Amino acid sequence: MSSGVRSYLKYMALGCFGTFLVLIVIGLALFFGGKYALDYAMEQFADENPTAFSESTLSPEESATLEKKFNSFFSGQGGDLSLAMNSDEINHLIVNDPEFSDIGDKVRFTIMGSQMKAQLSLPMDDFKKMYPDVPQGMLQGKYINTDAVIEFRSLSKSVGAYVKSMTIKNKQVPASLLSNIQDRNLLEAGPLANRFKNMEDIKIQNGNIIFTKPGSNTR
C-alpha cells in the first residue's frame, strides 16, 4: 500500500488523538486552572488498563481483496468513483499495515447503521515528553479510554470530519467542554488537506463508510 493511501486512515486517527488532547489539557485547564487540570483529568478519566480490542476476522483472501480495491480506488487506477468499506476492513488495515504500527494498538472504528465511532485507548506514558514539568508518577501506567462519535459534513469544496459526542468511562463528556472542539475539522491539517480536497463526499450508510469522488451518482 502506498504511503499516500495509508495516510488517509492514519491521519484520521491522529486527528482524533489531537482533538482529545485539546479536550483534556486546554478544556480542563480553562475550567479548573492549570494547576489542577491534570489532577482532575487523572481522577475522572484515567484507567489502569488499555481497552481490549478484538482481533481481525478477515481471511487472507479477504485481506488481499481489500488491499487491491483500496489501492485501486485511491490511486485512480481502477476508475471507480465510489468505495464502501465496513469497520472490519478499516480496522484490518490499521492493525496489519506497518504504516500504522504507531497507532495499531490505540484505535478502532465501529460503524453501525449510519453512525461511526472512534474507540481510542491512549497510554499516558506517550505524553511524558510533552509535559516534562508534571510529576511522572501521575502519568506512569495510566490510560485514557474513550469513544467518540464522528460525523462527516460536505463543505463547499471538500469534506470535513467532526467529533459529535464523546464518552469516557461510560460518562458523557459535558457539552461545555466539547464545544471547544466540535467545530474542529479533523481532516483540515497535514497531508489530508490536499488529498481530501478531491473527495466529493464521505458518508456513513448501512454499516459502511462510503468515499465518493466527483462525477459519481452514488450520493
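## Close-up views of a predicted model

**Figure 1. The largest nonpolar core.** In this predicted model, the largest nonpolar core brings together 42 residues, and those with the most contacts inside it are M85, F152, I209 and F211. Strand β6, covering residues 159-168, gives the most to this core, with 5 residues. For the wider setting, in soluble globular proteins nonpolar side chains tend to be buried together.

**Figure 2. A closer look at I209.** Here we zoom in on one of the residues with the most contacts inside the largest nonpolar core, I209. Which residues is I209 in contact with, once its neighbours within four places in sequence are left aside? They are L83, A84, M85, I90, I111, M116, F152, I202, K203 and I204. Two names here will be familiar from the first view: M85 and F152 are also listed among the residues with the most contacts inside the core.

**Figure 3. The hairpin of β8 and β9.** Strands β8 (201-205) and β9 (208-212) have a loop between them, and this loop is the place of N206. The two strands run antiparallel and are joined by 5 bridges. If you follow Q205 across, you will find that its bridge partner in β9 is N208. The hairpin has 2 residues between the strands. Is β8 largely enclosed by the rest of the structure, or what share of its residues is buried? 4 of the 5 residues of β8 are buried, so this strand is largely enclosed by the rest of the structure.

**Figure 4. Two residues with a positive phi.** Most residues other than glycine have a negative phi, and this view gathers two that do not follow the trend. One is N206, in the hairpin of β8 and β9, with a positive phi near 50°. Is N206 buried or exposed? N206 counts as exposed because its relative accessibility is 67%. The other is K169, which is not a glycine and yet has a positive phi of about 55°. K169 has its place in the loop between β6 and β7 (171-172). With 36% relative accessibility, K169 counts as partly exposed.

**Figure 5. The second largest pocket.** About 220 Å³ of space lies in this pocket. Its lining is made of 15 residues, and S54, E55, D88, N91 and R108 lie nearest its centre. Which helix or strand supplies the largest share of the lining? That is α4, with 5 residues. Both α4 (87-96) and β3 (107-112) supply at least two residues each. By character, the lining residues divide into 4 nonpolar, 8 polar and 3 charged.

**Figure 6. N91 at the pocket.** N91 lies in helix α4 and is one of the residues nearest the centre of the second largest pocket. Not counting residues up to four places away in sequence, N91 touches R108 and F109. R108 is likewise among the residues nearest the pocket centre. Is N91 buried or exposed? N91 counts as buried because its relative accessibility is 13%, which falls under the 20% cut-off.

**Figure 7. The whole chain, for orientation.** To place the close-ups, step back to the protein chain, which has 6 helices and 9 strands. Of its 219 residues, 43% are buried. Among contacts with a separation of 6 or more, 60% come from residues 24 or more positions apart.

Notes:
Residues are numbered from 1 along each chain as its sequence is written. This is a predicted model: local features need pLDDT of at least 70, side-chain atom pairs count only at pLDDT 80 or more; totals for chains, interfaces and linings use all residues. Side-chain values use heavy atoms; hydrogens and water are left out. A nonpolar core is a set of buried Ala, Val, Leu, Ile, Met, Phe, Trp, Tyr and Cys residues joined through side-chain atoms within 4.5 Å. Buried means under 20% relative accessible area, exposed over 50%, partly exposed in between (1.4 Å probe, protein chains only). Contact means heavy atoms within 4.5 Å. On a 1 Å grid over the protein atoms alone, a cavity is a set of points where a 1.4 Å probe fits but cannot get out, and a pocket is an open set with protein on both sides within 12 Å along at least five of seven lines; lining residues have an atom within 4 Å of a point. Grid points are joined across faces, edges and corners, and a volume is the space filled by probe spheres set on the points. Ala, Val, Leu, Ile, Met, Phe, Trp, Tyr, Cys and Pro count as nonpolar, Asp, Glu, Lys and Arg as charged, and the others, Gly among them, as polar. Two strands pair if DSSP finds at least two bridges between them.
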